Amino acid sequence: MELKPQLDPRRRPGRGASTNQTNRFESLVNVGIDDGWGREEDLPPLRTEVSVEVPRKVITRNSSPDLHFDRSINPYRGCEHGCVYCFARPSHAYLGMSPGLDFETRLIARPDAPGVLKKELRAKGYMPRVMGIGTNTDPYQPIEKDRQIMRGLLRVLADHRHPVAIVTKGTLIERDLDILREMAAENLVRIGISVTTLDVDIARKSEPRVPSPARRLRVIERLAEAGIEVRVMASPLIPGLSDHELEAILEAGKNAGAKAASVIPLRLPREVSELFQDWLEEHFPQRKERVMARVREMHGGRDYDPEFGKRMTGTGTYAQLLQQRYRKACKRLGLATKLAPLRSDLFRVPVEKGDQMCLF
């Protein structure tokens, strides 16, 4: 029997991963085999499936020293954008699904999230701090067009005057300019637009359902025109493949209206490493060894070092040079590496029907 871990490309058009290997928590493994009948079967392409989750809580807390926020919200689990390098892929294993093609085809929406968020913000003793959205999966992935969960969350945050930092690659954020403009006027919102490469071919292969680099730069332009602070995020940069574009990405972001910039080199936690290496073998086989050698150089000889303080930057000569290039480019272009904090002192709980009014 011949094992066929990779799905036929005809079954995965517009997908990033090439396999759907069983997640790390399962004791049994599903594999494709030749049934011996000696004939080809034309199986249908993988379609996106969306199921619904009813959450009891939507605010997730973290204590990571690498992050500038201690709480976040995920409107969706999984992401149809299909970025092969996505560090969030392993989270799908906790749902009993594969970090491979399941992650980008079997999505979970949380339509009740805005209502649950409202209850959490109204809880006695809640103390506001910047809320991160888009830090795991993209809140503006294609299914948001119909579901509008992110828009509902934004409306709740705006009504409570709660600060929020958003990261996305999706152009659908332009739909919410009315709410974002309102929040920006009170310094309650900041947005990071991820531009991983300016090379259309690399972008199409590594992030197949993400808008083109040029289109994302246009998003930066529109947000900036609306008076919203935008950060161009050169993240992740792939060593030996897109790292040479760092300065060009930052300059393009600056020209589009970005006020700040950041850079994070490629991270390959858990199953992401194998998925990414399979992708390299399929699309850039001649560069695979060079890319992985540079990745391992930044992580002490391993595919990934999860240690706080190292995982987002890497270590060693190459990582240091990358940070030097980033700082020099920001200084030359007038891009900030840090921005003034968003306001938390405006937070309020809107009065709703049935609430006890205050006498003073």
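User: Which strand holds Pro236, and what makes that stretch a strand?

Analyst: Pro236 lies in strand β9, residues 230-237. A strand here is a DSSP run of E with at least two residues, and a helix is a run of H or I with at least four; both are numbered from the N terminus. The run 230-237 meets the strand rule, so the label holds. Pro236 is also joined to Ser235 by a cis peptide bond, with omega about -10°.

User: Good start! What should I keep in mind about the model itself?

Analyst: This is a predicted model, where local features need pLDDT of at least 70 and side-chain atom pairs count only at pLDDT 80 or more, while totals for chains, interfaces and linings use all residues. Residues are numbered from 1 along each chain as its sequence is written, and side-chain values use heavy atoms, leaving out hydrogens and water.

User: Why is the chain called as compact as a globular protein of its length?

Analyst: The chain contains 11 helices and 10 strands. Its radius of gyration is 21 Å, close to the 21 Å from the globule rule for 360 residues, so the description fits. The radius is taken over C-alpha atoms, and the rule is 2.2 Å times the number of residues to the power 0.38.

User: Why is Arg270 called exposed, and what is Gln148 called?

Analyst: The classes go by relative accessible area: buried is under 20%, exposed is over 50%, and partly exposed is in between (1.4 Å probe, protein chains only). Arg270 has 56%, so it counts as exposed. Gln148 has 39%, so it is partly exposed. Arg270 sits in the loop between β10 (260-265) and α9 (272-283), with a positive phi near 45°. Gln148 sits in the loop between α3 (144-147) and α4, and its phi is near 55°, also positive in a residue other than glycine.

User: What makes a set of residues a nonpolar core, and which members of the largest one touch the most others?

Analyst: A nonpolar core is a set of buried Ala, Val, Leu, Ile, Met, Phe, Trp, Tyr and Cys residues joined through side-chain atoms within 4.5 Å. The largest has 62 residues, and Leu117, Ile166 and Leu250 touch the most other members. Helix α4 (residues 149-159) gives the largest share, 7 residues. A second, separate core of 21 residues includes Phe103, Ile238, Phe284 and Val291.

User: Which residues does Leu117 touch?

Analyst: Leaving aside residues up to four places away in sequence, its partners include Val58, Ile59, Met131 and Leu153. Contact means heavy atoms within 4.5 Å.
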